Amino acid sequence: MSEQNYDNEHAPSPGEQPEQAEPAEAAPEAEAQAAAPTAPASPASLTDESGENPSLPNDIPGVLPVLPVRDVVIFNYMMLPLFVGRESSVQAVDAALNGNRYLLILTQKNEAVEQPEPQDLHDMGTVVSIMRMLKMPDGRMKLLVHGISRAKALSLMHNGAYMEAGVELTQERSEHPAGLEVEALMNAARGLSEKILNLRGINNQEINAALAGVDHPGRLADIIASNLRRKINEAQEILEILDPVGRLHLVYKHLSKEAELTSMQAHIQESAREGMDKAQRDYYLREQLKAIRRELGDGGQEGNDLDDLREALNKAKLPPEAEKEAHKQLNRLSSMHGDSSESSVLRTYLEWLADLPWSKLSRDSLDIKKARDILNEDHYGLEKVKDRILEFLSVRKLNPRSKGPILCLVGPPGVGKTSLGRSIARAMSRKFHRMSLGGMRDEAEIRGHRRTYVGAMPGRIIQALKQAGTRNPVIMLDEVDKIGTDFRGDPSSALLEVLDPEQNFSFTDHYINMPFDLSKVMFICTANTLDTIPGPLRDRMEVITLPGYTMQEKVKIAQRYLVARQTKENGLKKNDLRFGGDDVLETLAREYTREAGLRALEREIGAICRKLARQKAEGAKPPFEVDVPMTHKLLGAPRFLEEEPDNKLQPGVALGLAWTPVGGEILHIEVSAMPGKGTLTLTGQLGEVMKESAQAAVSYARAHARELGIPSDFHEKQDLHIHVPAGATPKDGPSAGVTLAVAVLSALSGRPVSPDLCMTGELTLRGNILPVGGIKEKILAGVARGIKNVAIPKQNQKDLEDIPAELRSQIKIHLISVLREALHLAFVPARAPAAGTRTRR
């Protein structure tokens, strides 16, 4: 502890027990010092103001050592412990002890003065007798002093070591002034003292008895004043009043204030106790502090937090309904205890209201040319999607109040659905937020939890808006086709309101419990397939299909984006790596990947870059020229080998086309006819729809056996076994109907099917061919396999617009509407392709 904390000869705080050489003579606690005064060590007779019957010690000299103090005023009859630490003060005490043990104690005018001068001290002080002294190891002294008489310093001077003063003692009459008013004043002062002691919970029997035994107003005033909790200047004012009755009047005035303050403290303590239960007793002191702040109108830090929260709510510009509810809850919070659980829940709720972008909007970039350049810079192809975004921006430019579209990008993995969402946000100068819905099963993930639940939080839609910071971001709902359902609800049903432009202007989250306008948000959903998306949800979205890339598109994208990105990510410089022509990238795509998208291709490019980065780190000098042999050396043997095209198919074998989530596939369908009793066997892990297609093909053959030139009783004498190779892979769908029928008729008639023809289409019992999906992917698969002819349903002619001209030039497309047209194509010698032509029969 530094000297400035214990020096200045200060008194211990109320209740502090000073350390003495003999504990029995220690000073009593501050509340008990109103007892009858202890006589000084050398008793002397009292005297009145005229000098008769003197009671003051007759050995008090006219010049006394001065002991300055800064945080206490000593009255007559007051016995008090003091700490002495300053060198000048220690020498003054030594001088008194070497003499008759008397000191003049004067209080400093300014407590902050470390070395007071005569002008820094009050003129009126108290002559005290040193009753006990104890020296401490650090050089300080502990004194026990007893007030004897008021005294006025006539002159103050330094003698080189300490201050001395010529003193004039003041004397009071031994009998008190007569009169009922004085008697009433003394009784009132005793009553207030008793009341204060009762409110403080102090055992007051002895003190009351001592006060009752004092019959002089001046002495009663001094005893009470010595125990009042007053400021130094107020206590000094009492000390300087020489008139006993006047001094008691001033003491009574301070007693009244003290009684009022003590009563208020007791009331605060009682109010705090009533508001606490057993679990809150540990926070009793904190509760007292809160109650005091409330009584004084000062909320402290908690009040500052509430003011900050109120200011944040005002800045948020909430709608009228939300603003009314927010201020209602804020008023509730201000009356709650800060440590209650409900207070924490309510504060979090109000912070959410303040953080939501109720009125913040990003300014859309409506420069159509700039938006087109950004989309073309980020993505190659995808013209349909780009046109739709530019159309939206054009409408937005002409009609600023237009609602945001709900787009659904459907396509296999790796075709750029998610990255396209980021590009759309960049083109529109909007914030972007991606939200994965894959595996979501709880409806509360969308709508939020009600605040009655422990740990309740808003739904992910509201969370996304808070993170975006604007009311019109681009929010991507990724993997919307993989939402699940269970006992906790159906998230896809909760999305119906979010994705409906006619309803989402008043979307209500369970946690916020107030409408929030989502009509300005541009939602973009992604999915690999539409089959698992519920119909009502699919109806609310504008579906844009992103089919797989052609080989030419993959090469272009790899040259423009993938090579540069992987070169940078693997620590190579732009000129360190060169792919020697398109044939290297084609080899990577054809022999090391089998996908509709680009993820695997980018991984293989990254693998090449890593191996070359290692060579560079080991000392090889770039640039590195990557050709086909080097590709095989770096990546090893090809993972996928192209099947040799069949020059001739055996009877009962036909080539079909199938769609998978990763693109199109060539489907071999094999049918064997053998003697039996008409049993139909289906193998190859076929789904129910595909089994029904096989049964429909057999039924068509039985119904038209004579026209087709096959035995009409084959269903009685022959068994049919239909098998689709790659039996470990589940297969389903109606698009293999025409291929199944051709293979069955080929097996029954013994006629082989043309090896350069593949086909797709759904078959009816009447022999009609119905449209199917995935035409572009299927034709891509046929081109990759080297097939020259493809037969598709006539009603799928509209889908040919999505197929690039360069792709159509590599395969001849036949439009068929009935099975007979497919049979005419299948049972003829293979024909050479005619570039860019289509036939219809």
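How many of the 13 residues of H26 are buried? In this predicted model, 12 of the 13 are buried (under 20% relative accessible area with a 1.4 Å probe, protein chains only), so H26 is largely enclosed by the rest of the structure. Among the buried residues are Gly737, Val738, Thr739, Leu740 and Ala741. Helix H26 (a DSSP run of H or I, at least four residues, numbered from the N terminus) covers residues 737-749 and reaches 18 Å from its first C-alpha to its last, close to the 18 Å expected at 1.5 Å a residue, the expected span being 1.5 Å times one less than the number of residues. Gly750, with a positive phi near 80°, follows H26.

Residues are numbered from 1 along each chain as its sequence is written. The model is predicted, local features need pLDDT of at least 70, side-chain atom pairs count only at pLDDT 80 or more, and totals for chains, interfaces and linings use all residues.

A second helix, H23 (residues 688-703), has end C-alpha atoms 22 Å apart, which agrees with the 22 Å that its 16 residues should span. Its buried residues include Met690, Ser693 and Tyr700.

Helices H19 (residues 551-569) and H20 (residues 582-591) pack at about 110°, with axes 9 Å apart (lines fitted to C-alpha atoms over the stretch in contact, with angles from 0 to 180 degrees between N-to-C directions). That makes H19 roughly perpendicular to H20 (65 to 115 degrees).

Confidence is given by pLDDT, which runs from 0 to 100 for each residue. The protein has a mean pLDDT of 80, and 85% of its residues reach 70 or more.

Terms used. Heavy atoms only, no water. Helix = DSSP H or I, 4+ residues; strand = E, 2+ residues; numbered from the N terminus. Buried < 20%, exposed > 50% of the residue type's maximum accessible area, 1.4 Å probe, protein only. pLDDT = per-residue confidence, 0-100. Parallel < 35°, antiparallel > 145°, perpendicular 65-115°, else oblique.
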